[in-house]
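Please open the model in a viewer and keep the sequence panel visible beside it. The tour below proceeds by selection, with a short account of what is found at each stop.

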Amino acid sequence: FEEMYLIYHGLVLPRQSYCSESLRFAQEFTFKDDDIVVVTYPKSGTVWMQEILPLVLNGGDLTPVLTIPNWDRVPWFGTPRFALVVDQLASPRALVTHFPYHLMPPSFHTSKAKVIYIMRNPKDALVSSFYFHQMAVFLEDPGTFDEFMDKFLEGRVLFGKWTDHVKSWRHTELGDRIMYITYEEMVQDLPAALRHISGFLSRNLSEEAIQKITEQCSFNTMKANAMSNFSLVPKIYMDPDKSSFFRKGVVGDWINHFSSVQLARFTSVIQKELEGESFSLPWSLD
Ligand code: A3P
């Protein structure tokens, strides 16, 4: 376990992506007022937003998504790569993170940087994560689905418990600096999601641009885009023979994985942890 992961403020982070120097850099990093931060719990549509955001910001010019790998286009806050590339980004800069709210650095709080928080039904995030652990060689083997569900519910997975992550980003003092969107809304009506995002970022998008971005950010187009589909990553890190990063891209695949006993256990743990919360989930858990 310790070979693969480091523990940062109680959270499990993959050593392949983070080290103490890069995390220190992140804590000392100076946010700019026009920065935009994509925040997700793992497997909730992060890479999708790394495709969408640059296109919304530039009005649909495809150059960045056809020439720059997603991890340099919208870099991962807190990684060594972030420290290397962030100064080369043109403003407004788009970055991405799985950090909980309380681990964002002081300058994030004092800046006016905006946040797009994507939430996905945790049952589907769990299934997606299970397959991702099979293909990502730098992560622990997930074991059986039942074993992995236990780890997920106990928070012994990357970035901890789903409920803690959601609660953390629901209780912020960010006011209108944060926009919430769900993976499910994006699947159901991507053009509407694009209008929502462009409105939040005060960008006007023509209908033509919306159509173009919708096509470029479709599951199949992204799966075929070498700058987005991780085919540039050596097999020793991600093994596409085990599972594809662009696996299914659908809502509700959990139904093919959960037994009725697992569903009852999962629902009761999540519901209990969200008891008394002022926000409600956009989908039913059972
Ligand atoms: P599945 O494993 O359920 O297919 P993240 O980027 O946060 O790791 O999330 C990965 C999940 O988002 C995967 O889910 C992946 O297929 C899905 N995804 C990525 N791009 C997508 C798109 N354009 N449309 C629908 N789903 C997408």
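**A guided tour of the predicted model**

Begin by selecting tyrosine 183, which has a relative accessible area of 6% and therefore counts as buried. The model under inspection is predicted. Its chain has an average pLDDT of 97, and 100% of the residues score at least 70. The scores for the model are ipTM 0.99 and pTM 0.98.

**Aromatic pairs**

Keep tyrosine 183 selected and display the aromatic side chains; the structure holds 34 aromatic pairs. Add tryptophan 48 to the selection: its ring centre lies 5.5 Å from that of tyrosine 183, and the two planes stand at 70 degrees, so the pair is edge-to-face. Which helices hold the two partners? Tryptophan 48 belongs to helix H2 (residues 46-57), whereas tyrosine 183 belongs to helix H10 (residues 183-188), so the contact ties together parts that are 135 residues apart in sequence. Is tryptophan 48 buried or exposed? With a relative accessibility of 14%, tryptophan 48 counts as buried, the cut-off being under 20%.

Next, select phenylalanine 258 together with phenylalanine 266. These two form an edge-to-face aromatic pair, with 5.3 Å from centre to centre and 80 degrees between the planes. Both phenylalanine 258 and phenylalanine 266 are buried.

**Charges over rings**

Move to lysine 43 and show phenylalanine 132 with it. Lysine 43 lies over the face of phenylalanine 132, at 3.7 Å from the ring centre. Then select arginine 170 and tyrosine 180: the charged end of arginine 170 sits over the tyrosine 180 ring, 4.1 Å from the centre of that ring.

**Strand E5 and its partners**

Now switch to a cartoon view and select strand E5 (residues 114-119). Why is strand E5 described as largely enclosed by the rest of the structure? Five of its six residues are buried, so the surrounding structure largely encloses the strand.

Add strand E3 (residues 36-40) to the view. E3 and E5 run parallel and are joined by five bridges. Within this pairing, valine 38 has isoleucine 116 of E5 as its bridge partner.

Finally, bring in strand E6 (residues 178-182). E5 is joined to E6 by five bridges, and these two strands also run parallel. To locate one position in this pairing, select valine 115, which stands opposite isoleucine 178 in E6. When inspecting the side chains here, recall that in a regular strand they alternate between the two faces of the sheet.

Note on methods: Residues numbered from 1 in each chain as written. Heavy atoms only, no water. Buried < 20%, exposed > 50% of the residue type's maximum accessible area, 1.4 Å probe, protein only. Helix = DSSP H or I, 4+ residues; strand = E, 2+ residues; numbered from the N terminus. Pairing = 2+ DSSP bridges. pLDDT = per-residue confidence, 0-100. Phe/Tyr/Trp six-rings, centres within 6.5 Å; stacked < 30°, edge-to-face > 60°. Lys NZ or Arg CZ within 6 Å of the ring centre and 35° of its normal.
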